[in-house]
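Hello,

Here is the structure I promised to pass on to you. Please open it beside this email and have a look around before you read on.

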Amino acid sequence: MPEIWFPNLGIEIDHLSRTAFTVFGQDIYWYGIFIGLGVILGVLLALHEAKRTGQKPDTYLDFIIYAMIIAIIGARLYYVIFSWDFYSQHPEKIFAIREGGLAIYGGIIGGVLTAIVYSHLKKKSFWVMADTMAPSLILGQMLGRWGNFFNKEAFGGFTDNLFAMRYQLSQVRASDVTPDILQNLVTVNGVDYIQVHPTFLYESMWSLCVFIILLILQRKKKFDGQVCATYFFGYALGRVWIEGLRTDQLCIGNVPVSQALSAVLIIASVVLYVYCKKKAAVVPVTEGANAETEQKEE
């Protein structure tokens, strides 16, 4: 029987291992490969945009090294804080990143804080840097979600829509399976399947749409910060409803943290857009050869 099944699309996958290959007895996971691929492509994209707009690529090479480290720390810290009921009982697991547990919003927060500090120290415009990096961020998020697919995680509740996905019950975490899902188990030839929303796919496709919009906007932007604000709005708009479908939400009480943060970010991004647009009336957009002489952030 297939391990993964999209019954309404007629797609069956007989076997899908979370391990891509083994090196010197150490398993290399698909999740890490997708994250690594996202980083590499994101760096190349940012360097290309920096060259196109007359900035120094070395600025972004230096920044990305710091940002990656802080983003990983932020992603793990976010996950541990909002899963403290578990980690307070298993403190030895806090640094076990290979077992999973990186939250995208924690990584975004870490990356933004790094950009604010870096741009201040290097006397660069934060908004120019943010506009340059925004498509790279959403590209990495789009690819990273496919790591969840291989891990058989980050899925939603029961559905019978066109994209309904089946996992073998024995191959998913019991904590991710809700009573609603159990009530709709599908048994085929003695094998129990859960049938759920493939939220990894929803978010990946949504991110692809946002990515395309940002690439177009980079070449048509009217003011610094426009691409960055659009990124936050677009990503949060999709995440606020996709997060509501997921069964593995990080919560404070009954409030899904990432869904609440997405709602706040939608409002904040609109405010940010208006602020940057008004600022552009005083400080013109930094394009081409002028990009390396941009004014210090107010």
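Below is what I found in it, starting with the whole protein and moving on to single residues.

Please keep in mind that this is a predicted model.

**The whole protein**

The protein contains nine helices and nine strands. Its radius of gyration is 21 Å, close to the 19 Å that the globule rule gives for 298 residues, so the protein is as compact as a globular protein of that length. If you turn the C-alpha trace along its principal axes, it spans about 70 × 40 × 35 Å.

How much of the protein is buried? Buried residues account for 48% of the 298 residues. The exposed surface comes to about 15100 Å², and carbon and sulfur atoms supply 67% of that area.

You can also ask how the chain folds back on itself. Take the contacts between residues at least 6 apart in sequence: 73% of them join residues at least 24 apart. As for charge, the protein has 24 positive and 25 negative charges, and the mean positions of the two groups are 9 Å apart.

**The aromatic rings**

How many aromatic pairs does a search of the whole structure find? The search gives 22. One of them is W5 with Y193: the ring centres are 5.5 Å apart and the planes meet at 75°, so this pair is edge-to-face, given that an angle over 60 degrees counts as such. W5 belongs to strand 1 (residues 4-6) and Y193 to strand 7 (residues 191-196), so the pair ties together parts that are 188 residues apart in sequence. Both W5 and Y193 are buried.

Another pair is F86 with Y87. Here the ring centres lie 5.0 Å apart and the planes are at 85°, so F86 and Y87 are edge-to-face too. Are these two residues buried or exposed? F86 is partly exposed, with a relative accessible area of 41%, whereas Y87 is buried at 6%.

There is also a cluster to look for: ring pairs link W30, F34, W146, F149, F150 and F200.

**Two residues with a positive phi**

Next, try the backbone angles. F24 is not a glycine, yet its phi is positive, at about 50°. You will find F24 in the loop between strand 3 (19-23) and strand 4 (26-29). Its relative accessibility is 86%, so F24 counts as exposed.

K123 is a residue other than glycine with a positive phi as well, near 60°. Where is K123 placed? K123 sits in the loop between helix 4 and helix 5 (126-151). With 52% relative accessibility, K123 counts as exposed.

K124 is also placed in the loop between helix 4 and helix 5. K124, however, counts as buried, because its relative accessibility of 16% is under the 20% limit. Along the chain K124 is 19 residues from Y105, and their C-alpha atoms are separated by 24 Å.

**Three more places to visit**

I13 is part of strand 2 (residues 11-13). It counts as partly exposed, at 23% relative accessibility. Which residues does I13 touch, leaving aside its neighbours within four places in sequence? I13 is in contact with P2, E3, I4 and F149. That last residue, F149, also appears in the ring cluster described above. From I13 to S83 the distance is 32 Å, C-alpha to C-alpha, with their places 70 residues apart in sequence.

S88 lies in the loop between helix 3 (84-87) and helix 4 (104-121). S88 counts as partly exposed, at 33% relative accessibility. S88 and D180 are 92 residues apart along the chain, and 29 Å separates their C-alpha atoms.

Finally, T178 is in the loop between strand 5 (165-168) and helix 6 (179-183). T178 counts as partly exposed, with 22% relative accessibility. Along the chain T178 and F158 are 20 residues apart, and their C-alpha atoms are separated by 8.9 Å.

Enjoy exploring, and write to me whenever you like.

Best wishes

Technical notes:
Residues are numbered from 1 along each chain as its sequence is written. This is a predicted model: local features need pLDDT of at least 70, side-chain atom pairs count only at pLDDT 80 or more; totals for chains, interfaces and linings use all residues. Side-chain values use heavy atoms; hydrogens and water are left out. Helices (H or I, at least four residues) and strands (E, at least two) are DSSP runs, numbered from the N terminus. The radius of gyration is taken over C-alpha atoms; the globule rule is 2.2 Å times the number of residues to the power 0.38. Buried means under 20% relative accessible area, exposed over 50%, partly exposed in between (1.4 Å probe, protein chains only). Contact means heavy atoms within 4.5 Å. Accessible areas come from the Shrake-Rupley method with a 1.4 Å probe; for residues, only the protein chains shown count as cover. Lys and Arg count as positive and Asp and Glu as negative; His and the chain ends are not counted. The place of a charge is taken as NZ of Lys, CZ of Arg, CG of Asp or CD of Glu. Rings of Phe, Tyr and Trp (its six-membered ring) pair if their centres lie within 6.5 Å; planes under 30 degrees apart count as stacked, over 60 as edge-to-face and the rest as tilted.
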